[in-house]
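Dear colleague,

I am passing on the structure below for you to look at alongside your own work. My notes come after it.

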Amino acid sequence: MLTIYSDDHHLHHGRCELIDGQLMPCFEKPERADFIRERVLARQLGPIEPARDWGLAPIARVHDQGMLDFLQGAWARWAALGQEGDLLPYTWPTRTLRQQKPDSVHGQFGYYSFDAGVPITAGTWQAAYSSAQVALTAQHHIASGATSAFALCRPPGHHAAADLMGGYCYLNNAAIAAQAFLDQGYRRVAILDVDYHHGNGTQSIFYERSDVLFVSLHGDPAIEFPFFLGYADETGAGAGEGYNLNLPLPAGSDWPVWSAALKQGCQAIDDYQPEVLIVSLGVDTFELDPISRFKLTSPDYLKMGARIRALNLPTLFVMEGGYAVEAIGINAVNVLEGFEQR
Ligand SMILES: NCCCCCC(=O)NO
Ligand SMILES: [Zn+2]
């Protein structure tokens, strides 16, 4: 399996995040992608190639231009104020407040985000831009006839909506790849999100459309981030009614519980008969993940890959979350090896 990877992810390294009332080092850190890349090499999964640059246009097919302009220019504005720490949002236009974009860089960041988990540093734009190019390069590989590819994306993307960043996500790599398939003539794309957290951004981008089926297995939003989307009664709207399947699961879910949901999700994908499958591959479902509460074990990821392979679809794997850094490479590559029936 071909892996696409960009060293630019090292340009993004937030200093801290607010967890349980304390400022802690960011869990979404560069070592994550380094460990995965090393495991790809160690297991001789296949070649690792750099991303090609497909420009801003395919990103702008998914994201609001105002958000892209903000993200691209935010650090320079922040630095011009004499600041050198991370730029973080801290006020959001929630209930009773006006959905009007302020002039302030802080106000605009709150306008274009939904949580404080998106530090902007000097290199964040470049890292997020290159992460999207990684996904687009892997997408091109599949559109050119390959049966699989791995987009080793960092930062991740599935929480990013058209005009919102959040949950460590700036640009929605999987959604950008899905839109590229559709713009290249594909008619039906399925996205299977196996990250521990609901892909609220991906859901919202395609919620009113029938050309993308979104299926997500995740921690119950009643008790888990992102809290405010991901319920089972969210089935799509308008033309998209019936093309969104959320499978929320309780804390402590292990393979038997999780794989039963996967079976249901795979049946929905099979019924949809897509031409291509995108997997938002988060491995924060791991039993030792520091911020998550499922109980999958490393061998389970081999079975996950094999079950996805049984769909018999060209498959693009896009890296999302996973914070047990010592095991992230083993778990992510286990999915890919299980898919390849190695
Ligand atoms: N700061 C709250 C938790 C962010 C979760 C990020 C993630 O792994 N999403 O899939
Ligand atoms: Zn996650």
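What follows is a short account of a buried charge, two cis peptide bonds and two unusual backbone angles.

This is a predicted model, in which local features need pLDDT of at least 70 and side-chain atom pairs count only at pLDDT 80 or more, while totals for chains, interfaces and linings use all residues. Residues are numbered from 1 along each chain as its sequence is written, and side-chain values use heavy atoms, with hydrogens and water left out.

E320 sits in the loop that runs between strand 10 (315–319) and helix 10 (325–339), where helices (H or I, at least four residues) and strands (E, at least two) are DSSP runs numbered from the N terminus. E320 is buried (under 20% relative accessible area, 1.4 Å probe, protein chains only), and yet E320 has no salt bridge, that is, no side-chain nitrogen of Lys or Arg within 4 Å of a carboxyl oxygen of Asp or Glu. The nearest side chain of opposite charge belongs to R32, 7.9 Å away.

Cis peptide bonds join R154 to P155, with omega about 0°, and F225 to P226, with omega near 10°. P155 is in the loop between strand 5 (148–151) and helix 6 (173–183), whereas P226 is in the loop between strand 7 (212–219) and strand 8 (244–249).

Finally, D20, a residue other than glycine, has a positive phi near 50°, and Q44, also not a glycine, has phi near 50°. D20 counts as exposed (over 50% relative accessible area) because its relative accessibility is 75%, and Q44 counts as exposed at 67%.

Best wishes

How values were computed. Chains lettered and ligands numbered in written order. Lys, Arg positive; Asp, Glu negative; His and termini not counted.
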